[in-house]
Each structure stands twice: as structure tokens, then as C-alpha cells.
Amino acid sequence: MQRFTGKTAVVTGASSGIGAASSLRLASEGATVVLADIADAAGEAVVRKITAGGGRAAFVHCDVSSPEGWQRLHDRTRKLAGPADVVHNNAFTHISAAAHELTEGGWDKEIAVNLKALYLGARTFVDDLRSTRGCFVATSSVHANFGLPGHPAYAASKGGICALIRQLAVEYGPEIRFNSVLPGPILTDAWDEVSEEERLLSARATALGRLGAAGEVASAVAFLASADASYITGTDLVVDGGWSVKKESK
Ligand SMILES: NC(=O)c1ccc[n+]([C@@H]2O[C@H](COP(=O)([O-])OP(=O)(O)OC[C@H]3O[C@@H](n4cnc5c(N)ncnc54)[C@H](O)[C@@H]3O)[C@@H](O)[C@H]2O)c1
């Protein structure tokens, strides 16, 4: 499939995990991809992987919680590849602590990187996406819909993403489509600190009995970003192997 030939895509949190997989997938389908992250060396390595495979990509350092970062990303993208057709905002940060233990600074940082970034990204790219009749995909999480101990700001930011995506879809339709993906347990670097035992428990909590791969979220992102999803906007697409629907209590 070459659904993105001639298109320009911007992906944040692109140096690792789901963002790297999304960049590889969009590039493999013909997009010129601008990868944005704060992890420069890892991002450049993903770019080399794309270009070695014959794709087109570039890396731009961008802290998604910064308006200046987004503006630089926008300007570099226009210079390198023209106005964006697709923006996948996916970067995140996470602090594991119960609400009474989470500092105000920690709360503010999580909300800024995970949620404010969506507002900043939409604001910065809205004119480009209007001109290309493009689309925006945000990575939320199943935590938007479920309470899990130790994740107050993360859950609030991910729930906020879904609400804001609906708002933006209404605000900027019919020119721009806005959707989100809600991954469940996906084995990426974010799981580095998670024990084997906990991984097994998470895998068992899914209907499919396993952790997901980053590429399986990337396919959902590519679908939402493509013309195959031309009548889909303002929606949350759960990609969790059935984690959300599986309950074991009677
Ligand atoms: N892996 C999972 O199980 C899972 C589950 C649900 C949702 N998600 C969501 O998927 C997305 C990607 O997660 P992942 O698992 O691929 O994680 P990851 O740790 O592999 O990648 C996250 C990337 O974000 C970058 N980043 C962090 N702060 C940034 C900032 N301020 N500006 C720019 N980039 C920044 C990191 O450098 C890293 O490259 C996140 O939004 C996360 O909430 C992941």
C-alpha cells in the first residue's frame, strides 16, 4: 500500500516505540516523515533506518511542551517537505505516584507534555492542515477510560486528549479530521522498568493473551491518517488486544 505518496507527515515522540513505528510505517507507505523528539541520537537512528530502506525522513529536536519547539518543528517541516498532511502527536512523560505523593511540578510537567502539547500542536499546524485538508492523530491510552493506581496525571492527560480531540474535530471540520488511538499494553521502552511477572499479568489481562507490538498501533495510526478513514473524525480507536473488555470477576 502507498497511501501517503506525496504527503508530509510529522510524528512526535518518534525516537522510540510507537512513534518510531508510526514514522517507519508512514514512510514505508510513501510519506516524507519529519520525526520530532528530545532524544536526538535515537531519532537520527530511526531516520537512518527509513532512508536506508529508500524512504524520506528528517529529524527535528522538539520538546512538545514548548510553543517555540512546535514553531521550529513547523518551520523546519515546511522548509524540508512543505505543509503537513498528517500530524501524529504521540510523545509522553510519566511519573508513577499516587495523587497525594505527586508533586505539583510533576503534575504540571505531565499535563504539559501529554495534554498541552496537543493544544500547541493543533494551534501550530492548523493552517497547514486546513490547506492540505489533512488530519491529526493523537496517542491517548486506555487509561483515559480506566482507573489504575499510581497514574493520576497520566490518566487525566489521556482523558483530556480524547475530550480535546472531539472538540478539535468539531472546531476544525470539515477541513481537518482529528482522531485518537488508545493503546493498551504495548511492549516498548516504556516497559523497561516493568518486571517479567507484571508483564505476564498484563498479557493475561488482554483477550488476545499477549502484549502488543508498536507496529500494531502504527497500523491503526496509518489507517486513521489515510483516506481509508475519510469519514472518521472525533473518535477514539482502542488498540489493546481486548484489555478493556476483559473482566474476570463475576
Ligand atoms: N507502551 C504502552 O504500553 C502504551 C500504552 C498506552 C499508551 N501509550 C502511549 O503511547 C505513546 C508512546 O509511548 P511508547 O510506549 O512508544 O513510549 P516510548 O518511551 O518508547 O517513547 C516515548 C518517546 O517520547 C519522547 N519524549 C518524552 N518527552 C518528550 C518531550 N517533552 N518532547 C518530545 N518528545 C518527548 C521520548 O524521548 C521517547 O522517544 C505515549 O503517548 C504513551 O502514553 C503507550
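In this short talk I will go through the ligand, the two largest pockets and two backbone details of this structure, which is a predicted model.

Let me begin with the ligand and the residues around it. The shell around the ligand holds 28 residues, and the closest of these are S16, I18, D37, Y154 and T188. If we sort that shell by residue class, we find 14 nonpolar residues, 10 polar ones and 4 charged ones.

Which residues place polar atoms beside the ligand? One of them is D37, where a polar side-chain atom lies 2.6 Å from an oxygen atom of the ligand. Another is D63, which has a side-chain N or O atom 2.9 Å from a nitrogen atom of the ligand. At N90 the backbone takes part, with an N or O atom of its main chain lying 2.8 Å from a ligand oxygen atom. As for how covered the ligand is, on its own it would expose 840 Å², and the protein buries 89% of that area.

Where does the ligand sit? It is found in the largest pocket, and the elements that contribute two or more residues to the shell around it are α1, spanning 17–28, and α5, spanning 152–172.

That brings me to the pocket itself. The largest pocket encloses about 1,400 Å³ of space, and its lining is made up of 44 residues, with F92, H94, Y154, A190 and W191 lying nearest the centre. Two or more lining residues come from each of α1, α4 (104–132), α5 and α6 (196–204). By class, the lining of this largest pocket divides into 20 nonpolar, 17 polar and 7 charged residues. You may have noticed Y154 twice by now, since Y154 is among the residues closest to the ligand and also among those nearest the centre of the largest pocket.

The second largest pocket has a volume of about 230 Å³. Its lining consists of 16 residues, and those nearest its centre are K7, R133, R177, A225 and A227. Sorted by class, that lining has 6 nonpolar, 4 polar and 6 charged residues.

I would like to finish with the backbone. Most residues other than glycine have a negative phi, and most peptide bonds are trans. Against that background, R133, which we have just met in the lining of the second largest pocket, has a positive phi near 50°, and R133 is found in the loop between α4 and β5, the latter covering 135–139. The other detail is a cis peptide bond that joins G173 and P174, with omega at about 5°. P174 has its place in the loop that runs between α5 and β6, the strand at 177–183.

Methods
Residues numbered from 1 in each chain as written. Predicted model: local features only at pLDDT ≥ 70, side-chain atom pairs only at ≥ 80, totals over all residues. Heavy atoms only, no water. Near = heavy atom within 4 Å. Polar contact = N/O pair within 3.5 Å; in protein donor to acceptor, adjacent residues only side chain to side chain. Areas by Shrake-Rupley, 256 points an atom, 1.4 Å probe, with all protein chains shown as cover. 1 Å grid on protein atoms, 1.4 Å probe; cavity = no way out; pocket = protein on both sides within 12 Å on 5 of 7 lines; lining within 4 Å. Sits in = over half its atoms within 2 Å of the grid points. Helix = DSSP H or I, 4+ residues; strand = E, 2+ residues; numbered from the N terminus. Nonpolar A, V, L, I, M, F, W, Y, C, P; charged D, E, K, R; others polar. Points joined across faces, edges and corners; volume = space filled by probe spheres on them.
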